[in-house]
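Colleague: Could you take me closely through one strand, with its partners and the way its side chains are placed, and then go on to any unusual backbone spots elsewhere in the chain?

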Amino acid sequence: MPTFSPNRSLLNPKFDGYKFAPLEYDEVTAHYPLEHRPTQTNVSGRAPLSFQEVQSRVLHNHLAVCAQSRRAVYVDAELRVVAADVDEASLKPTLRVLYELPRPIQTDAAETLQREYPSAAFVDATSLLVADGYGTLYALRLGDAGPAELLASYELSIPAAYESARTSVPFRLHQAVSPDGQSILAVLSSKHYPKNAPEPAEKSHKAPPAKFDVWGVQIALPIAPSSDTQPLQIVWHRRGDDVPVYTAYDASRKAFVFVGSSPYLPLTVAPTPSYEPSPDEIAPIPRKGENLDGAPSTTTTDIPKPPPYSWTQTSDTVTIAIPLPSDTPTEHIKVAFAPRTLTVLVEGASAAPTAAVPVVVPRYTLKPLWDGIQPGTSVWTFDRAAERAYGVLALHLDKAHEGTRWPQVFAQAPAGEGGEEDEVPETLDPTELYAIREALEKYTAALGGGDASGPGGGAVPSLAEGERDDEVDLSVGKSACVTWVGAEGATPAWLGKDGHGDDEPLQVLSTPFPGSAGTFPPSLVAKNGVDGVVYALREGSGADDPPAWTHTATYSALAFVLASKRDTRFVHHVANKAVFAFESGTQDLGGNVYIYRGAGPKENWAKQTVLKVGGGSAGALLGVGMVHAQGKAVLLCLCEGELVILHDVV
């Protein structure tokens, strides 16, 4: 399957930084007050929100943009669908109400689910789908002026096979396309409400992890006008641990691509089953070369080789400690958590023992774990212990099945596969995690190795020299997996056995601007050290052509500069031209957009611009999008009280 591999010739370790290049504010921005104002208040308070739901609401884009025209829409606080048409010559928007969605009647006696934000998606310049956030989808036909025509309304009726406690739930609309002109395929997402959900453990303070359904639904064309709400035809279904942060349709491969913090799998792919070991399995079992009854060897020249890692566990976590030379640069450590696998790679680590480092650093690439974990809440730390030759890389895995005791860290390799290492017993006393460093240093000394310390390798852009905060830098971006689903629900032939090929997560810094589809190919900006690497999806030759992500450009030190932006709400890019980091903004603070220009691999400096968009009378920023006018990109910024247009900034 394709991987995201950077091209070293496009990296620039000699990059010095960004120089401020101001723009005349009044020449590139225009503010237009809104008569019909959107809102970001929709929480009813009757049901608690999971962390994933809160995060998806914060990042929700309230503006939907048509890639085939200069039109955008949003839904205001009174459920009015409002269109903004940008004039080709003057770049001024014309605002009009297209349709007023019916407001469902809520009663105190009825148990109400948390509703979603209203969402919309264009099929083409004259066809629009709108989800009201309560569980109804509306199909509208648009004209050049005046209100829209309501064609039909639909609801998502969930069959019993999907094991949902609800037959109808609020949903969000992500995308709508018409691949063949005979039907519309729309992508929806909703929270999963399982039947007979288990009660949380008495001693646990954590809410049970939420699951989210991704639905592919079909609407036949032409749409026959009807006053009755019709059930949506479900074409395919997937389930994951979070709401997708980016969706795109690849017409060349006739497949959808989803980017989220977890893979989205069909229900036919069962998760790793939990297992409760028997008392005999928990009891000490002699391992290879281990003598539980005899006295330890006293031969001074026969110092045992320490294990490649040590580990311990609690009812809800597994902690793994891996020894690394204390001079290992943090940016050389690559750790990726997936629901069923673990990846640990250390750049520059020797594949065989050397005089300086006589112990091989473990290299795990998508190594299957004994049981499932929660990638979003699993973390890792590196204790350098500079006064010693070795530090400890600690991996803290959040168990997917709380209360399940792991007999070992990794699943056993299938029969016939090579490279299987000896099983490492659990370190029952957490204080022994420190002893692994002592054992390793004794082993190093016994083999004649000297001090492994030395200059840390790793070229870091001079912008980050002496200024890096590893804890802050590592938190930038969003850990994400890439999942592919055929337009009709079939699993593409080039996917893995479980219907998911790209199982290796990457740290996503930016996604394309909404509305840029058709002008630019799908792309992602992923974290690579302190840089942001642009991976563009190559156009396929057919449905059987596996996807290939190509490194096309690099935004040097992008991860470093984004780490200092703590109020960032949206981060989008325009190919290799610029990255835009938008702050949310309040009445008194923030509301800026930070623009980082692209630069060649041999250029030491790039340009940076800052413009005021939200905050103040404009209110908080709620959505962004891009349209094309006068042969250039025009950016639309939807705030609570204003529509702000940026032009001549790309």
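**A strand between two partners**

Modeller: Strand E32 is joined to strand E33 (residues 605-612) by five bridges, and the two run antiparallel; strands (E, at least two residues) are DSSP runs numbered from the N terminus, and two of them pair if DSSP finds at least two bridges between them. This is a predicted model, in which local features need pLDDT of at least 70 and side-chain atom pairs count only at pLDDT 80 or more, while totals for chains, interfaces and linings use all residues. Residues are numbered from 1 along each chain as its sequence is written, and side-chain values use heavy atoms, with hydrogens and water left out.

Within the pairing of E32 and E33, Tyr 594 stands opposite Val 610. E32 also pairs with strand E31 (residues 578-583), again in the antiparallel sense and over five bridges, and in that pairing Phe 580 has Ile 595 of E32 as its bridge partner. The strand itself, residues 592-597, is mostly covered, with six of its six residues buried (under 20% relative accessible area with a 1.4 Å probe and protein chains only; over 50% is exposed, and partly exposed lies in between). Asn 592, Tyr 594 and Tyr 596 point one way from E32, whereas Val 593, Ile 595 and Arg 597 point the other way, and the residues on both sides are buried. Tyr 594, which faces Val 610 across the pairing with E33, and Ile 595, the partner of Phe 580, therefore point in opposite directions from the strand.

As for the backbone, most residues other than glycine have a negative phi, and most peptide bonds are trans. Gln 630 departs from the phi pattern, with a positive value near 55 degrees in a residue that is not glycine; Gln 630 lies in the loop between strand E34 (621-629) and strand E35 (632-639) and, with a relative accessible area of 38%, is partly exposed. Leu 366, also not a glycine, has a positive phi of about 50 degrees, but its place is in a strand, E22 (residues 364-368), and at 30% relative accessibility Leu 366 counts as partly exposed. A further spot is the peptide bond between Leu 221 and Pro 222, which is cis, with omega at about -5 degrees; Pro 222 lies in the loop that runs between E13 and strand E14 (229-231).

Technical notes
Helices (H or I, at least four residues) and strands (E, at least two) are DSSP runs, numbered from the N terminus.
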